[in-house]
Amino acid sequence: MLQFWTRLQKRRALQRRYQSGDTPWDTGIVPPEITALIEDEGLQAGHVLDLGCGTGTNLIYLAQHGWEGIGVDLIKIPVEKARQKAEQANFADSLTFYNGDVLKLARLGIRGRFTLITDIGCGHNLPNSKLPEYIAQIANHLADHGIFMWYVHCPTDRREFGISSERVKELITPHFEMQTSSIGDDIVAKSASAWYRLTKKPHS
C-alpha cells in the first residue's frame, strides 16, 4: 500500500509540473545516444516502443527515419501534446501514444515484439521492488537481436534517487547482455546518470 501511495504522489507531482510548465527534462532534443543508432550505425527502421515517452520528441525523430512506434506515459498532458505533434508532423498513422502505466502494457493492448525499446528516464521512477517485473516485461516485448536503450539517474552520496550500476547489472542479468555502458552527468537534473545499451539473451 505504501508503494501505491508513493507512485500516486509521484504521478500527482508530475501532473502539477506539466500543468505549470516546469518540465526542464522536456528539452525537445533527441539524445545523441539515440541519433547515433540511426545516423552513425544506420540501424534499419523497424518498430519502437518508448516507455515514458513524454511529448514524443524521440518517437517523432525515429518516425522521420522510417520507424513505426508506440509511446506510453503515465501523465495525460504530455501524451496529448505528443499526439498533436505527431499529427502536425504527419506521423499520426505511424505513431500511437497511450496514457497509462508502463507496468501494465498488456492492459493497454500493447502486444508483439519491438526492434528497439527505449526508456529515457522512466524506469528509475518505479519502486525498486517493481523493477524485476518491469525489466522482464521489456525482455518479453523485445524482438530477438533487438536493442534496449536505458537511461537512468544514479544515486550518489548526496542523492539517493536512481538506480546504481550494481542494481542495473543484477536486474538485467537474467534477460540481457550489456553491450555498452556510459556514466556521466545530467546537466538538467544536476545528477549522475548512465546510459546502457542492452541486447536480449537468446531464449529470454
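Buried here means under 20% relative accessible area. The views below show a predicted model.

**View 1. The largest nonpolar core of the predicted model.** This core has 31 residues. Tyr134, Phe148, Trp150 and Phe176 are the residues with the most contacts inside it. Two or more residues each come from the strands β1 (47–51), β2 (68–73), β4 (114–120), β5 (142–153) and β7 (191–200), and from the helices α5 (131–141) and α6 (165–172). Helix α5 gives the most, with 5 residues.

**View 2. Surroundings of tryptophan 150.** Neighbours within four places in sequence are left aside in this view. Tryptophan 150 is in contact with Ile135, Ile163, Val168, Leu171, Ile172 and Leu198, and also with Ala194, Trp195 and Tyr196. Asp119 and Gly123 complete the list of its contacts.

**View 3. Another nonpolar core.** Apart from the largest core lies another, of 23 residues. Leu37, Cys53, Leu59 and Tyr61 are among them.

**View 4. Salt bridge between arginine 197 and glutamate 41.** The whole structure holds 6 salt bridges, and one of them joins arginine 197 to glutamate 41. The closest N and O atoms of this pair are 2.6 Å apart. Arginine 197 lies in strand β7 and glutamate 41 in the loop between α2 (32–40) and β1, so the salt bridge ties together parts 156 residues apart in sequence. Arginine 197 has a relative accessibility of 15% and therefore counts as buried. Glutamate 41, at 47% relative accessibility, counts as partly exposed.

**View 5. Salt bridge between lysine 76 and glutamate 80.** In this pair the closest N and O atoms are 3.9 Å apart. Both residues belong to helix α4 (residues 76–88); they are 4 residues apart, so about one helical turn separates them. Lysine 76 is partly exposed at 49% relative accessibility, and glutamate 80 is partly exposed with a relative accessible area of 33%.

**View 6. Salt bridge between lysine 130 and glutamate 133, and a network.** The closest N and O atoms of lysine 130 and glutamate 133 are 3.9 Å apart. Lysine 130 has a relative accessible area of 30% and is partly exposed; glutamate 133 also counts as partly exposed, at 40% relative accessibility. Elsewhere, Arg113, Asp144 and Lys200 are joined into one network by salt bridges that share partners.

Note on methods. Residues numbered from 1 in each chain as written. Predicted model: local features only at pLDDT ≥ 70, side-chain atom pairs only at ≥ 80, totals over all residues. Heavy atoms only, no water. Core = buried A, V, L, I, M, F, W, Y, C linked by side-chain atoms within 4.5 Å. Buried < 20%, exposed > 50% of the residue type's maximum accessible area, 1.4 Å probe, protein only. Contact = heavy atoms within 4.5 Å. Salt bridge = Lys/Arg side-chain N within 4 Å of Asp/Glu carboxyl O.
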